[in-house]
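The following account leads through a single protein structure, from its overall make-up to selected residues. Please keep the model in view while reading.

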Amino acid sequence: MKPGNQTKVVEFLLLGFSQDAQDQPVLFGLFLSMYLITVLGNLLIILAVTSDPHLYTPMYFFLSNLSLADIGFTSTTVPKMLMNLQTGTKSITFAGCITQMYFFMVFGGLDTFLLTVMAYDRFVAICHPLYYPTIMNPQLCGLLVLVSWAISFSYSLIQSLLILHLSFCTNAVIPHFYCELAQTLTLACSDTLINHILLYVVTSLLGFVPLSGILFSYVQIVSSITRIPSADGKYKAFSTCGSHLSVVSLFYGTGLGVYLSTGTSSFSREGMVASVMYTVVTPMLNPFIYSLRNRDIKTALRTLLSRMLHWAWSSQAVGRGLAVSE
């Protein structure tokens, strides 16, 4: 773009899904429902893990962190979209856009690293069961999560600071429902070579290195499982990995669709649907995948819900007693 079109952009316009006013209530209801299910489902996973001492293991420690990252990942984009749908506005301030991109990259990167760490945990548990308590000690588990947070924060901060030095054109319209980094860079009038190099290099590394680690872990896991003589033993070993493998497939499958669709300056409706699958649907389905296929989580959730119902009933009974005494 020409340097003459440069200006200090105060806000961006997010086009979203539809320009038709009749579609706004339907979209608002749909995304509000998915957002509430996502937050509630992942919050229940966190509460179940933290309230049940039987789940104080590395696998569930990583799962609770993944649920926390999923809540943050969805909360980065959906509330702003809901507000725009409700008010009929499409604007987001420049500072709001940078903040949204920053936390989107933080939680997206964190999801990637946590899934890799969880694959390593399953690898050690199945391939080296005798050494599992020694290898996956609390110090290492805490360090792995801490490093995942640190890398995600660092990359996101560098990319955000680089964007702050760019000049944007007057036509600051983003054909998306959130401030997607690649789409935002296409609006810049100044040189974005460094931003694009960092974007594609880091995106490739964050995609290739963790995925390679996951694939390596599962190759070793499958190799170990095939050497188990009994069919029950094989099924039990596979069942401990089924939920994680389903989440990995969903996360990387939709993530690849988003990556391919945002590689060009034009953005199609199919690409936006892929983004919804990646940013909203996947975090929403994760609690169902882990709870439906995991007996320990289902037991912990039943216990948690029974406690909550008992507490609610007790509080209501106390309230009635106070009302009668008055």
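**From one aromatic residue to the whole fold**

Leaving aside neighbours within four places in sequence, Phe251 is in contact with Gly108, Asp111, Thr112, Leu115, Tyr278 and Thr282. The model under discussion is a predicted one. Phe251 belongs to helix α9, which covers residues 231-261. With a relative accessible area of 5%, Phe251 is buried, because the limit for that class is under 20%. One of its contacts, Tyr278, stands 27 residues from Phe251 in sequence, while the C-alpha atoms of the two are 6.5 Å apart in space.

Phe251 and Tyr278 also take part in a wider aromatic arrangement. Ring pairs join Phe73, Phe104, Phe177, Tyr178, Phe251, Tyr252 and Tyr278 into a cluster. Over the whole structure, a search finds 17 aromatic pairs.

The overall composition gives these details their setting. The protein contains eleven helices and five strands. Of its 326 residues, 47% are buried. Among the contacts with a separation of 6 or more, 79% are between residues 24 or more positions apart. The accessible surface of the protein amounts to about 16,800 Å², and carbon and sulfur atoms account for 70% of that surface.

The cysteines provide a covalent example of a link between separate segments. A disulfide is a covalent bond between the sulfur atoms of two cysteines. The count for this protein is one disulfide. The disulfide joins Cys97 to Cys179, with an S to S distance of 2.1 Å. The torsion about the S-S bond of Cys97 and Cys179 is about -130 degrees, and the disulfide is therefore left-handed. The pair links distant parts of the chain, 82 residues apart: Cys97 is in helix α4 (residues 94-127), whereas Cys179 is in the loop between β5 (173-174) and α7 (181-185). Both ends are withdrawn from the surface by the accessibility criterion: Cys97 counts as buried at 0% relative accessibility, and Cys179 is buried with a relative accessible area of 2%.

Two further cysteines can be set beside this pair. Cys127 is in no disulfide, and the nearest cysteine sulfur to it, that of Cys241, is 8.7 Å away. Cys241 is likewise in no disulfide, its nearest cysteine sulfur being that of Cys127. The 8.7 Å distance between these sulfurs does not meet the disulfide criterion, because that criterion requires sulfur atoms within 2.5 Å. Cys241 counts as buried, at 3% relative accessibility.

A charged pair comes next. The count of salt bridges is one. In this salt bridge the side chains of Arg122 and Asp121 meet, at 2.9 Å from N to O. Arg122 is buried, and Asp121 is buried as well.

Helix α1 offers two residues with contrasting accessibility. Asn42 has its place in helix α1, which covers residues 24-51. Asn42 is buried, as its relative accessible area is 1%. Beyond residues up to four places away in sequence, Asn42 touches Ser67, Asp70, Ile71, Pro283 and Pro287. Ile37 is also found in helix α1. At 36% relative accessibility, however, Ile37 counts as partly exposed, because this value falls between the 20% limit for buried and the 50% limit for exposed residues. Apart from neighbours within four places in sequence, Ile37 is in contact with Met284 and Phe288. Ile37 and Pro287 are 250 residues apart in sequence, yet their C-alpha atoms are 9.5 Å apart in space. Pro287 is itself among the residues that Asn42 touches.

What does the surface show? One answer is a nonpolar patch formed by Leu193, Ile197, Val201, Leu205, Phe208 and Val209, which together have about 590 Å² of accessible area. Leu193, one of these residues, lies in helix α8 (residues 193-225).

A further accessible residue is found in a loop. Val10 is located in the loop between β1 (6-7) and β2 (11-14). Val10 counts as exposed, because its relative accessibility is 64% and the threshold is over 50%. Not counting residues up to four places away in sequence, Val10 touches Thr93 and Phe94. Val10 and Ala172 are separated by 162 residues in sequence, and the distance between their C-alpha atoms is 9.3 Å.

Methods: Residues numbered from 1 in each chain as written. Predicted model: local features only at pLDDT ≥ 70, side-chain atom pairs only at ≥ 80, totals over all residues. Heavy atoms only, no water. Helix = DSSP H or I, 4+ residues; strand = E, 2+ residues; numbered from the N terminus. Buried < 20%, exposed > 50% of the residue type's maximum accessible area, 1.4 Å probe, protein only. Contact = heavy atoms within 4.5 Å. Patch = residues over 30% accessible without salt bridge, like charges linked within 9 Å, V, L, I, M, F, W, Y side chains within 5 Å. Areas by Shrake-Rupley, 256 points an atom, 1.4 Å probe, with all protein chains shown as cover. Salt bridge = Lys/Arg side-chain N within 4 Å of Asp/Glu carboxyl O. Phe/Tyr/Trp six-rings, centres within 6.5 Å; stacked < 30°, edge-to-face > 60°.
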